[in-house]
Amino acid sequence: MIAMALACESKVLIADEPTTALDVTIQAQIMDLMIDLNQKLDMGIILITHDLGVVAEVCSRVVVMYLGKIVEEAAVADLFARPLHPYTQGLMRSIALLDCDRTQPLHVIEGTVPSLHNVPAGCRFAPRCPMADDRCRAQMPALEEHAPGQKARCWHAKTFMGGQDA
Ligand code: SF4
């Protein structure tokens, strides 16, 4: 994949789960190589991954997607410091940290992702969201900016900023 991108002098490299199933040493080598390409060749990289550790280490901007929709978009530091969408918050709480309480089970997001043939009405995350209310189940929220450069698709995003719901 990387060789093809070099041969074609691509301006953008789309890397879909490039480190999946690799051990951490090879994963680090691949990521170093991609950062090198980004800096030396001025090649933009869109990284598609479920690995939030990789995201934190190499990305500058993050778009979180759920069931085919963007649910949050932010600079990486803002997203990790203050996730505004319950799905992003659930993903963050699912990470096993070195200093976590090992007597407690790791957080899981209840339920499973619905089929695209059976998309829920209203907010697509509502069936799995601990904050879902009647409005969430009836109306899809828009992707709106709630802080400079940080957007979220959630009726209650403002409460996570310490404000009032829209
Ligand atoms: S709109 Fe409602 S259901 Fe959807 S993520 Fe926000 S709180 Fe949860």
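Asp36 is partly exposed in this predicted model, with a relative accessible area of 33%. Its side chain meets that of Lys40 in a salt bridge, 3.0 Å from N to O. Both residues sit in helix α2, 4 residues apart, which is about one turn of the helix. Lys40 is exposed, at 64% relative accessible area.

**The salt bridges**

The chain holds 3 salt bridges by the rule used here. Side chains of opposite charge can pair when their charged atoms come close. Here they are side by side:

| Pair | Closest N to O | Relative accessible area |
|---|---|---|
| Lys40 and Asp36 | 3.0 Å | Lys40 64%, Asp36 33% |
| Glu73 and Arg61 | 3.3 Å | Glu73 18%, Arg61 41% |
| Arg137 and Asp134 | 3.5 Å | Arg137 43%, Asp134 62% |

Take Glu73 and Arg61: their salt bridge has its closest N and O atoms 3.3 Å apart. This pair links distant parts of the chain, with Glu73 in strand β4 and Arg61 in strand β3, 12 residues apart. Why does Glu73 count as buried? The cut-off for buried is under 20% relative accessible area, and Glu73 comes in at 18%. Arg61, on the other hand, is partly exposed at 41%.

Arg137 and Asp134 bring us to helix α6, residues 134–138. Being 3 residues apart there, they are separated by about one helical turn, and their side chains meet at 3.5 Å, N to O. Arg137 is partly exposed, while Asp134 counts as exposed.

**The four-stranded sheet**

β3 and β4, the strands that carry Arg61 and Glu73, also belong to an open sheet of 4 strands. Its order is β3-β4-β6-β5, and the pairing is antiparallel. Which strands stand at the edges? They are β3 (61–66) and β5 (144–147); each has a single partner strand, so one side of each is left without a neighbour in the sheet. Ignoring direction, neighbouring strands are turned by 30 degrees against each other on average.

Over at the β5 end, β5 pairs with β6 (residues 150–152) in the antiparallel sense over 3 bridges. Glu145 has Lys151 of β6 as its bridge partner. The hairpin of β5 and β6 has 2 residues between the strands, and Gly149 takes a positive phi near 75 degrees in it.

**Helix α5 on the sheet**

Helix α5 (residues 86–93) packs on the sheet, where it touches β3 and β4 (69–75). The direction of α5 makes about 105 degrees with that of β3. How much of α5 is covered? Mostly covered is the verdict: 6 of its 8 residues are buried. Those are Pro86, Tyr87, Thr88, Gln89, Gly90 and Met92. What do they pack against? Besides β3 and β4, the buried residues of α5 pack against α3 (52–58), α4 (76–81) and α7 (157–160).

**A nonpolar patch, and two positive phi values**

Now for β1 and β2. Val12, Ile14, Ile46 and Ile48 make a nonpolar surface patch of about 350 Å². β1 (12–16) and β2 (44–48) each supply at least two residues of the patch. One of the patch residues, Ile46, lies in strand β2 and is partly exposed, with a relative accessible area of 45%.

The loops leading into these strands each have a residue worth a look. In the loop between α1 (2–7) and β1 lies Glu9, which has a positive phi of about 50 degrees although it is not a glycine. Glu9 counts as exposed, at 67% relative accessibility. Asp42 sits in the loop between α2 (24–40) and β2. Its phi is near 55 degrees, a positive value in a residue other than glycine, and at 65% relative accessibility Asp42 counts as exposed too.

**The chain as a whole**

Stepping back, the protein chain has 7 helices and 6 strands. From the N terminus on, they run α-β-α-β-α-β-β-α-α-α-β-β-α. The C-alpha atoms fill a box of roughly 55 × 40 × 35 Å along the principal axes. Of the 166 residues, 34% are buried. The accessible surface comes to about 10400 Å², and 57% of that belongs to carbon and sulfur atoms. Among contacts between residues at least 6 apart in sequence, 44% join residues at least 24 apart.

Methods
Residues are numbered from 1 along each chain as its sequence is written. This is a predicted model: local features need pLDDT of at least 70, side-chain atom pairs count only at pLDDT 80 or more; totals for chains, interfaces and linings use all residues. Side-chain values use heavy atoms; hydrogens and water are left out. Two strands pair if DSSP finds at least two bridges between them. Axes are lines fitted to C-alpha atoms, for helices over the stretch in contact, and angles run from 0 to 180 degrees between N-to-C directions. Contact means heavy atoms within 4.5 Å. Patches are made of residues with over 30% relative accessible area and no salt bridge: like charges are joined within 9 Å, nonpolar side chains (Val, Leu, Ile, Met, Phe, Trp, Tyr) within 5 Å. Accessible areas come from the Shrake-Rupley method with a 1.4 Å probe; for residues, only the protein chains shown count as cover. A salt bridge is a side-chain nitrogen of Lys or Arg within 4 Å of a carboxyl oxygen of Asp or Glu. Buried means under 20% relative accessible area, exposed over 50%, partly exposed in between (1.4 Å probe, protein chains only).
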